[in-house]
Amino acid sequence: MKKSMFSLASALLLAFSTNAQQVEFEEYKLDNGMHVILHQDNSAPLVTVGVMYNVGSVDEEDGKTGMAHFYEHLLFTGTKNIERGKWSEIQSARGGSGNANTNWDRTYYYGTYPSNELKLGLWMESERLLHPILDQKAIDTQNEVVKEEKRQRMDNAPYGKIQYGMIYKHIFDNHNYGRPLIGFIEDLDNAKLEEFKAFYDKWYMPNNAVLVVAGDFQKKETKSLIKDYFGTIPARIAPKAVKTIEPERTTEKRVTEYDSNIQLPAIVLAYKTPSMRDRDAKVLDVISTVLSDGKSSRLQKKLVETKKKALAVFSFGRPLVDYSVYTIGAIPLGETTLDDLINEMDEEILKLQTELISDEDLQKVRNKFENNFVSSNSSVEGIASSLVSNYMLMGDTQKINTGLEVINSITKEEIRAVAKKYLAKNKRVVIDYLPASQKK
């Protein structure tokens, strides 16, 4: 009876906390097709203005890779009305800050300002869309910036290639997800100014973008400003999405990668998994949490703490629109071999495929996802990102509020079924990630 009362109390507490965290928003379209999302929160004098464009590295052409990520840097150069190199200076002088990020499916620019500088934030983003500086000087400057970023994050960072896309070239034979997010440097070196301009003209338009404003503002005034700054920007014909079908793998593939920055090898198991919009993708997020998130996770307890066979373990999903990628890996300790680690990880995968996880494990997962939800939406900047991402990538802005409902509805039987469906040995790529000194 005590256990039942505890379970009931936990369920009521979870339901209350989830409902208390509902994010209110309004969305509408301008006449030119630009989608607008507004989240008003007057509790602190801050406001975030962000614009997400429906273009990422997946949209690049053969021989012209890297442009989506390149624009993440290039569009901070300046505009006809913002002096070259002064973008960040203008923001910081008015108490604001900004940044941008790119993935395979989208590019996102954002700035956070004191709420009395909302007009500045909207103006700067409209300037980025209206008439940015796109000349050879800007391209040459940002080319060096991109090369340095590649050196820091991939070429010279231990195990950096695992995080930044090395895995995907082995998973995807046909799909553009198999190309590096940052592109091939030789493509950027060879690209002409006209090709950079053509990329911008093809993708950067109001009807291929979503504007989000979150924080301390008044809706009537803000809608008027949005109409003034963005409503007159003409729409163009937006490119149609093209999905490439990646065939299902039927036999295990094993490859070797070398890294001159590591002393210890790693073993990586990688799987192609469903679109981030698919319920099964959420179930795989739960599986990832059970396997390696935190000291009480199965692989951490087994390989790192109990058997001391691994220096570290990891598993994570890369949620993408067409397909996602799920990765499990470990770094051996002592005399442990990579094959030994594979056998140990396979034992835990088999348990998930054949046994039901415990009520305690399931509740731990739900608690972690609730904490993550609260954390990601604890600032107007985080809420802005969540809103615009759910609209563009998930296809439904309201999923900012229903994501936890999905997690809390996932059953132990679903976890077992999804592990069996997607984590089969014949569907995976095994990567031996070795120090370059071991290369023969």
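## Two sheets and two cores

In the largest nonpolar core, which has 51 residues, Tyr 71, Leu 122, Tyr 204, Leu 211, Val 213, Ile 226 and Phe 230 are the ones that touch the most other members. Please keep in mind as we go that this is a predicted model. Let's take Leu 211 as a starting point. Setting aside its neighbours within four places in sequence, Leu 211 is in contact with Met 34, His 35, Val 36, Ile 37, Val 49, Gly 50, Val 51, Leu 122, Ile 226 and Phe 230. There is also a second, separate core of 38 residues, whose members include Leu 299, Ile 328, Leu 352 and Ile 357. Cores like these fit a broad tendency: in soluble globular proteins, nonpolar side chains tend to be buried together.

Now for the first sheet. Here 6 strands form an open sheet with mixed pairing, and their order is β1-β2-β6-β3-β5-β4. At its edges stand β1 (26-29) and β4 (97-102), each of which pairs on one side only. On average, and ignoring direction, neighbouring strands in this sheet are turned by 15° against each other.

Start at the β1 edge. Strand β1 runs antiparallel to β2 (residues 35-40), and 4 bridges join the two. If you would like a pair to find on screen, Glu 26 stands opposite Leu 38 in β2. Packed on this sheet is helix α10 (residues 219-230), which touches β1, β2 and β6 (209-215). The direction of α10 makes about 155° with that of β2.

Then move over to the other edge. A hairpin through 4 residues joins β4 to β5, and these two antiparallel strands share 6 bridges. On its other side, β5 pairs with β3 (residues 46-53), again in the antiparallel sense, over 8 bridges. Tyr 110 in β5 is a handy landmark here: Asn 99 stands opposite Tyr 110, and so does Gly 50. How much of strand β5 is buried? Of the 8 residues in β5 (107-114), 7 are buried, so the strand is mostly covered, taking buried to mean under 20% relative accessible area.

The second sheet comes later in the chain. It is an open sheet of 5 strands, again with mixed pairing, in the order β7-β11-β8-β10-β9. Which strands stand at the edges? They are β7 (253-259) and β9 (310-318); each has a single partner strand, so one side of each is left without a neighbour in the sheet. Neighbouring strands are turned by 15° against each other on average, with direction ignored.

Within this sheet, β8 (residues 266-273) pairs with β10 (residues 324-332) in the antiparallel sense, over 7 bridges. Ile 267 stands opposite Ala 330 in β10. Helix α11 (residues 279-292) packs on the sheet, where it touches β8, β9 and β10, and its direction makes about 170° with that of β9. Helix α12 (residues 298-306) lies across β9 and β10 and runs at about 160° to β9.

One last stop is the loop between α12 and β9, where you will find Lys 308. Its phi is near 50°, a positive value in a residue other than glycine. Is Lys 308 buried or exposed? With a relative accessible area of 53%, Lys 308 is exposed.

Technical notes: Residues are numbered from 1 along each chain as its sequence is written. This is a predicted model: local features need pLDDT of at least 70, side-chain atom pairs count only at pLDDT 80 or more; totals for chains, interfaces and linings use all residues. Side-chain values use heavy atoms; hydrogens and water are left out. Two strands pair if DSSP finds at least two bridges between them. Axes are lines fitted to C-alpha atoms, for helices over the stretch in contact, and angles run from 0 to 180 degrees between N-to-C directions. Contact means heavy atoms within 4.5 Å. A nonpolar core is a set of buried Ala, Val, Leu, Ile, Met, Phe, Trp, Tyr and Cys residues joined through side-chain atoms within 4.5 Å. Buried means under 20% relative accessible area, exposed over 50%, partly exposed in between (1.4 Å probe, protein chains only).
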